[in-house]
Amino acid sequence: MRAYDNKIIFAGPVGAGKTTAIGAISDIAPVTTDARASDMTLNRKDTTTVALDYGVLMLDENTKVHLYGTPGQERFDFMWDILSQGGIGLILLLDNTRNNPVKDLQFFLNAFRDMLKAAPLVIGVTKTDLRASPSIETYAALLEKFDMRPPIFEIDARSREDVKKLVLALLFSIDPGLES
Amino acid sequence: MMLSNAPQPQLITVMPVGMDPRKLSVFRMAFRMHHSHQLYQLLDEAPGHVPDLAIVDVDSVDGWNAWHDFRASHPHLPALIVTTTPPRAGEAPAAVLRKPVRIETLFPQMRELLANGRTPAIRLSATVLPAAPAAPPVATAPAAMVAAPASAASDHSAAAAYVASVAPTLDEVISQSQQAHRAAAAAQQQQQSPAPSDLPQLMDLPDPVPEAEHDTAAAASVVRSMLPENQSTPASAGGKISFERFDPSAGLFGLVARLLRQRTAAVIRVREVPVLILLPAQDKALLLQPLETLQPLCSAPSHEVDQQPYANSPVNAAQQEIRPQTLAWQLAIWTCRGRLMRGIATDTPIRLRYWPNLTRLPPIPEAMRITAFLTRTPVNLKLITRLLKVPPEDLFNYLAAAYGIGILDLPSRSPQLSVISTEPVRPGSKVETVAAPSRPQNTSPAPAPSPAKPAQGSGRLLSRLLKKVIGL
């Protein structure tokens, strides 16, 4: 049996909105470990996550679902394996304004391939209002070629409704018959 | 519609042991598909019920400890062990069902357990072996619910585990369905030539057919599957079960859907009044009237809807810019109105090419759940309604919308459809046609949680997480 560790992983490149998305649904103010960016990240934002983000969904006083945001920079990729073990699923956020978001998609699918052998994937594409291409249909058609049909939604990481839909899609990907 | 006086089925509560949510999902689906005088439910769906029997999966990381712990706490509860590596004959402490678990062996085995009220002989698929109290070797490696094909190991999707686990059953059902399709199509081709269609082959629809009544049994099957489990099979006064159908290639919706697939820019008119400009290559549509005014126009007959070439002329009257997919999705809902689109029979295998962009499309109740199911494997209406129990009007609206944006995979040539009648399936009138399950209020805050108690397993955890997220 795959041991669930009551956690959902948010991954994606720098600036995709992982910290914001966790904050949109977390029951607590998200714990972040941002630091002032000092590398190429500075081109995209002033601060960045250097270890992880943490939020929580409280199911009752004794039961929590942990929300972990992985650091976006590749030099912290050793964290990804640690965080992803036993996760309920992976929510991958892509920033459509980056140079090559399709390449980002391929990179993260490869980076989390071990987790994705056993856990579902949901993709949220952010900043489509700033750059519409690639479209959701483009991403979907690409993945379809590899017989992958994960949920792919345009989202605003600041929108609780959008982030909720990502989590709902994750749950129904595990079990379409799931009932509350 | 009258209800028969069929006897109430016996409700059997099954306690799962050693299963993660995906394995539970498989059994949950299997139980929903099973219809007989016995109805099965998982214990986590009926908290407080006393289990009638247990199914113990010993392929988890806990291995046979799961069995020992279970037996220590439930010494007398009939139990069935499922595993990919059954112990040798005489070494298993209870009946063993070898994975992949198949419906045709699972339910007889459970019936046997219940009938005997004790641990029956071991069954290795179809082989009966004697049981013995000795504990078998501990299974150390995690295993899937079934012996999945090698390709599933590398699948990045959660669907892999599910499809692998239920494939023997679903594939059989689908195969039977497809065989029936081929036979029906062959018979049809002998009688008539297919009419030309400008739709791509993937979305090709059968030719319009006169209303007929020879699909009654199939429709009745779908209706039965839509009924709550404790409700008897309905029968209309005339013995007919009806779905109102509509032609998705007709009218405003049909024209928009076709132009989108052809990626043709055009000005669309209704009764010679331009209402919108479709620009698929630019991924936009320009509405010349407020969007809401298109709703009544969706009922306009085809001869009142036409197109004109778009000549890049300035558009002065554009009211709103909208994405073509959003437009087609909305027009589908307004056109469908809870009716089943022509081209889908009750046993037509349906699959979605990919998930629609549900955060940016007009909402359809249960869209998330329907999508999750239809992207996993081809299924027909009978299975969808039986397993998901979504209200039919929601399902039909969804299928029409998915067709409108071009993600609905249908057989290239479906058999001739049977239109039973034109009884509408709409709120207020649906009772006469299908006794649909009530719609879950998944957009409203979740009801007050039940008294706090420790989670009974990860399946329960996911249900509680679902409730939590819906209520956010």
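1. In this predicted model, helix α6 of chain A and helix α10 of chain B are oblique to each other. Their axes come within 9 Å and cross at roughly 45 degrees; an angle of that size is called oblique because it falls neither under 35 degrees, nor over 145, nor between 65 and 115. The crossing of α6(A) past α10(B) is right-handed.

2. Which residues of α6(A) and α10(B) meet? From α6(A), which spans residues 160-174, come Leu168(A), Ala169(A), Phe172(A) and Ser173(A). From α10(B) come Met368(B), Arg369(B) and Ala372(B). By class, this helix contact consists of five nonpolar residues, one polar and one charged.

3. The contact between the two chains as a whole draws 50 residues from chain B and 49 residues from chain A. On the side of chain B that touches chain A, two or more residues are given by each of α1 (21-33), α5 (158-191), α10 (367-374), α11 (381-388) and α13 (458-470) of chain B. The most is given by α13(B), with eleven residues. This side of chain B has 28 nonpolar, ten polar and twelve charged residues.

4. Chain A comprises six helices and eight strands. Read from the N terminus, its elements follow the order β-α-β-β-β-β-α-β-α-α-β-α-β-α. The chain has 180 residues, of which 54% count as buried. Of the chain A contacts between residues at least 6 apart in sequence, 67% link residues at least 24 apart.

5. Chain B contains an open sheet of five strands, paired antiparallel in the order β14-β11-β12-β13-β15. Strands β14 (305-309) and β15 (320-322) of chain B are at the edges and have a single partner strand each, so one side of each lacks a neighbour in the sheet. From one strand to the next, the twist averages 25 degrees.

6. At the β15(B) edge, the antiparallel pairing with β13(B), residues 284-287, is made by three bridges. Ala285(B) is placed opposite Ile322(B) of β15(B).

7. Two helices of chain B lie across strands of this sheet. Helix α7(B), residues 251-262, lies across β11 (266-270), β12 (273-279) and β14 of chain B, and runs at about 35 degrees to β14(B). Helix α9(B), residues 324-336, lies across β12, β13 and β15 of chain B, and its angle to β13(B) is about 60 degrees.

Notes:
Residues are numbered from 1 along each chain as its sequence is written. Chains are lettered from A and ligands numbered from 1 in the order in which they are written. This is a predicted model: local features need pLDDT of at least 70, side-chain atom pairs count only at pLDDT 80 or more; totals for chains, interfaces and linings use all residues. Two residues are in contact if their C-beta atoms, placed from the backbone, lie within 7 Å. Helices (H or I, at least four residues) and strands (E, at least two) are DSSP runs, numbered from the N terminus. Ala, Val, Leu, Ile, Met, Phe, Trp, Tyr, Cys and Pro count as nonpolar, Asp, Glu, Lys and Arg as charged, and the others, Gly among them, as polar. Two strands pair if DSSP finds at least two bridges between them. Axes are lines fitted to C-alpha atoms, for helices over the stretch in contact, and angles run from 0 to 180 degrees between N-to-C directions. A residue is buried if 20 or more other C-beta atoms lie within 10 Å of its own, exposed if 12 or fewer, and partly exposed in between; C-beta atoms are placed from the backbone. A crossing is left-handed if the near helix is turned anticlockwise from the far one by less than a right angle, and right-handed if clockwise.
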